[in-house]
Amino acid sequence: MQETPFHFEVNEGQNINCFLRDGKTAAHLVLRSGQNPRILVAFPAGNSGVGLWFQKSDTPAEWAVDSLPTATSATDAKGRPLYGIVFETSITTKSLAPKQAVLSSVRVLRDYQASGTAPEEVAVRAAISGNTVTWSRDRLDGAPGYRLTLEILDGILRPEGQISAGADGRIKLRVTALSGERPLTPLAGTALLNGKEAQDKGARNVLTFLSYREKFLAGSWRFNTYFGRDTLMSVRLLMPVLAPDAIEAGLRAVLARLASDGEVAHEEAIGEFAVLSHKRQDGTLSDAPIFDYGMIDGNYLLAPVLTAYLLDDPEGKKRAPVYLRGNVGAYGDPATPAGQALGQAIVRNLRLVVANAAHFAALPRYGNLISLKAGRATGQWRDSEDGIAGGRYPYDVNAILMPAALAATARLLDSGLLDPFLAPADRELLARAAAYATVWQQRAPDLFNVTLDNETARAAVDSYARQLGVPAKAALDSLSGNRLSFHAISLDASGKPLPIVNSDEGFELLFGTPPATSLDRDVRSVMRPFPLGLLTDAGMVVANPAFADAGIKARFTNHAYHGTVIWSWQQALFAAGLDRQLARTDLPPAVKEHLLAAQQTLWRAISAAQSVRSSELWSWRFEDGRYHITPFGSRDTDADESNAAQLWSSVYLAIKAPSSNR
């Protein structure tokens with residue numbers, strides 16, 4: 001069935017974002033205002049894009065959209081189709097001087113935005129004809145490529161390419177942006193959602209733009225392709241409102257990209273980025289996808305998400321036998337047979353989980369935990385270089401995800417669903433999962449414990465608050481008892497906990513069943529006011545380094561990608577986890593009261609950020625006695641730029657505020 005064309009806009013900070021999906025065109029236009037203006041169009045097809053960066057202007061310039069993007073197509077010099085958009089825009093500035101055009105993979109555009117450099121192979125010269133300037137090139141392997149055309153409607157195009165304003169001080173352009181990469185197959189309507197979703201048009205638009213039968217895209221404009229962790233967490237959190245076809249498409253995308261040993265692919269290099277990567281690796285111009293298996297958390301997310309669908313979801317349970325016999329596809333590791341059944345792929349991952357758990361189960365010491373891979377500083381969702389403060393053993397992976405994966409493995413084995421795909425050796429190995437899960441659940445979390453006496457905690461919070469220029473009173477008033485306890489974000493190479501209060505307790509709420517006393521303590525540690533806990537008027541920050549050393553504090557700022565900033569999906573994760581824990585029947589009334597209070601507080605923060613909650617992340621500033629939302633990437637000191645559309649930020653379609661917060 002042909003999808004109805006749709007478009008939407010999101011304005012954040014200096015960026016105007018226009019999204020369009022119509023026929024064979026899916027495109028995201030980003031117009032960046034300020035002293036460093038930019039035109040960029042990202043296409044889900046091949047994770048491709050075209051961008052034009054202009055020279056820095058003396059004063060800030062502001063774009064306006066004069067006509068919204070519409071779908072268009074053309075042919076290249078060889079008669080091959082190109083699909084994209086055409087739109088009109090104007091800007092208030094005396095002149096625009098093109099600095100660099102980049103037409104390639106979005107990953108190349110991303111790197112140019114970050115470093116100001118692009119591979120020599122993708123360099124392209126402008127062609128000027130009359131009042132039109134065009135950049136156009138084939139892909140490096142000769143496949144259909146990319147085109148960006150600017151037609152000057154108001155202003156003067158100089159021979160050297162500079163554009164001068166007209167008499168009214170504005171420049172008006174008609175822009176055409178095209179890509180020759182193969183379009184994806186949209187998921188939409190009843191194939192995407194089951195009708196139970198919240199009436200949140202913004203979240204629905206974001207999810208729809210990022211959803212395709214081949215895969216879900218992590219976010220736009222910067223991550224317009226498959227990411228394993230993002231897919232798994234989004235499918236799990238959206239599961240109550242996703243149509244079965246969509247759930248199965250998302251899971252299939254992950255299973256199709258498993259390594260031969262069962263590892264989950266984190267990211268894929270496709271399109272021209274794959275061509276560039278192959279050229280550097282083996283001298284070929286192949287566009288065969290290259291999968292990154294450098295992350296570790298996805299390996300232990302897969303089983304719990306599969307269990308939630310195949311065993312706990314009534315429709316999933318009914319469809320499971322047929323689904324598991326389905327073909328895994330040909331997207332993954334070349335060592336994996338393309339005709340392998342999905343059930344066989346699942347067994348590969350479960351074998352990996354149990355094998356990797358064995359050492360700690362036999363001898364539960366920190367050195368037997370799951371560490372980041374050698375030579376890597378990242379390995380879980382906080383995947384910036386300082387994300388876990390230089391640690392080697394992440395809290396979420398070891399204390400939560402590994403135990404959850406083992407418990408899920410035991411359930412899948414007991415269900416009998418995997419019987420057609422199990423060899424005797426598989427059955428023998430997977431039978432150890434339940435016992436291993438008990439050891440990991442009981443022993444791993446304690447290795448991450450941080451306990452401070454209240455006097456030490458008060459001094460640290462007071463000092464950090466003065467450093468930031470924020471109040472400490474509400475935070476200090478929330479201290480109770482004689483000691484403060486929380487889980488470290490990670491352990492360093494010597495097993496020392498790195499004392500950063502963090503939001504990863506949300507994983508435990510969603511995937512675990514912690515004892516009541518531990519549950520109460522862990523939720524309290526997060527829900528206290530910042531800078532003791534994580535709560536601010538702008539939302540729940542994902543990290544608080546108040547108790548860490550000065551070096552870590554300097555790296556965990558509200559300008560850092562995983563610093564004292566708010567990630568929308570982490571709030572959603574915590575909200576969904578609280579819902580799950582509140583459904584338990586074994587909790588004492590006092591603990592339930594604390595969870596209900598936490599739920600109310602969290603939803604007040606979520607509701608206050610309604611305007612940005614489909615975005616990837618945001619920051620804050622403190623003024624007039626309050627924390628205020630600041631778009632991430634709007635300041636020169638911000639480490640990166642936030643996506644206006646993020647897959648796992650659309651999960652509020654399935655996560656709804658309690659009635660008292662509506």
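**Exercise 1. The strands β1, β2 and β3**

Task: In this predicted model, determine how many bridges join strand β1 to β2 and in which sense the two strands run, and then follow β2 onward to strand β3.

Solution. Begin with strand β1, residues 6-12, which is joined to β2 by seven bridges, the two strands running antiparallel. To fix the register, take Glu-9, which stands opposite Cys-18 in β2. Then look at the connection: the hairpin of β1 and β2 has two residues between the strands, and Gly-13 takes a positive phi near 55° there.

Next, move to the other pairing of β2, where eight bridges join β2 to strand β3, residues 25-32, again with the strands running antiparallel. Here the register can be read from Arg-21, whose bridge partner in β3 is Ala-26. β2 and β3 also form a hairpin with two residues between them, and in its turn Gly-23 has a positive phi of about 65°.

Finally, consider the surroundings of β2 (residues 15-22): seven of its eight residues are buried, so the strand is largely enclosed by the rest of the structure.

**Exercise 2. The largest pocket and the largest cavity**

Task: Describe the volume of the largest pocket and the make-up of its lining, and do likewise for the largest cavity.

Solution. The largest pocket has a volume of about 1100 Å³. Its lining consists of 46 residues, of which Arg-236, Leu-510, Phe-511, Gly-512 and Arg-580 are the closest to the centre. Sorting the lining by residue type gives 25 nonpolar, eight polar and 13 charged residues. If one asks which element gives the most to this lining, the solution is helix α9, residues 395-415, with eight residues.

Turning to enclosed space, a search of the whole structure finds four cavities of 30 Å³ or more. The largest cavity has a volume of about 130 Å³, and of the 15 residues that line the largest cavity, the closest to its centre are Lys-24, Thr-25, Ala-26, Ala-45 and Pro-183. This lining divides into nine nonpolar, three polar and three charged residues. One of the residues closest to the cavity centre, Ala-26, is also the bridge partner of Arg-21 from the previous exercise.

**Exercise 3. Helix α15**

Task: Check whether the length of helix α15 agrees with the rise expected for its residues, and list which of its residues are buried.

Solution. Helix α15 covers residues 516-527, that is, twelve residues. The expected span is 1.5 Å times one less than the number of residues, and for this helix it comes to 16 Å. The C-alpha atoms at the two ends of α15 are 16 Å apart, which agrees with the expectation. As for burial, the buried residues of the helix are Ala-516, Leu-519, Asp-520, Asp-522, Val-523, Ser-525, Val-526 and Met-527.

**Exercise 4. Salt bridges and the burial of their partners**

Task: For the salt bridges of Glu-197 with Arg-204, Glu-268 with Arg-257 and Asp-522 with Arg-521, decide whether each partner is buried or partly exposed.

Solution. The structure holds 39 salt bridges, and for this step a residue counts as buried under 20% relative accessible area.

- Glu-197 and Arg-204 meet through their side chains at 2.6 Å, N to O. Glu-197 is buried, because its relative accessible area is 10%, whereas Arg-204, at 33%, is partly exposed.
- Glu-268 and Arg-257 meet at 3.0 Å, N to O. The pair links distant parts of the chain, eleven residues apart, with Glu-268 in strand β17 and Arg-257 in the loop between α4 and β17. Glu-268 counts as buried at 2% relative accessibility, and Arg-257 counts as buried at 3%.
- Asp-522 and Arg-521 have their closest N and O atoms 3.0 Å apart. Asp-522 is buried, with a relative accessible area of 7%, while Arg-521 is partly exposed at 27%.

Beyond these pairs, salt bridges that share partners join Asp-76, Lys-78, Arg-80 and Asp-138 into one network.

**Exercise 5. The sheet of β28, β29 and β30**

Task: Give the strand order of this sheet and explain why one side of each edge strand is left without a neighbour.

Solution. The three strands form an open sheet in the order β28-β29-β30, with antiparallel pairing. β28 (566-567) and β30 (626-631) stand at the edges and have a single partner strand each, so one side of each lacks a neighbour in the sheet. For the register between β28 and strand β29, residues 617-623, note that the two pair in the antiparallel sense over two bridges, and that Ile-566 stands opposite Trp-618 in β29.

Note on methods
Residues numbered from 1 in each chain as written. Predicted model: local features only at pLDDT ≥ 70, side-chain atom pairs only at ≥ 80, totals over all residues. Heavy atoms only, no water. 1 Å grid on protein atoms, 1.4 Å probe; cavity = no way out; pocket = protein on both sides within 12 Å on 5 of 7 lines; lining within 4 Å. Points joined across faces, edges and corners; volume = space filled by probe spheres on them. Helix = DSSP H or I, 4+ residues; strand = E, 2+ residues; numbered from the N terminus. Nonpolar A, V, L, I, M, F, W, Y, C, P; charged D, E, K, R; others polar. Buried < 20%, exposed > 50% of the residue type's maximum accessible area, 1.4 Å probe, protein only. Pairing = 2+ DSSP bridges. Salt bridge = Lys/Arg side-chain N within 4 Å of Asp/Glu carboxyl O.
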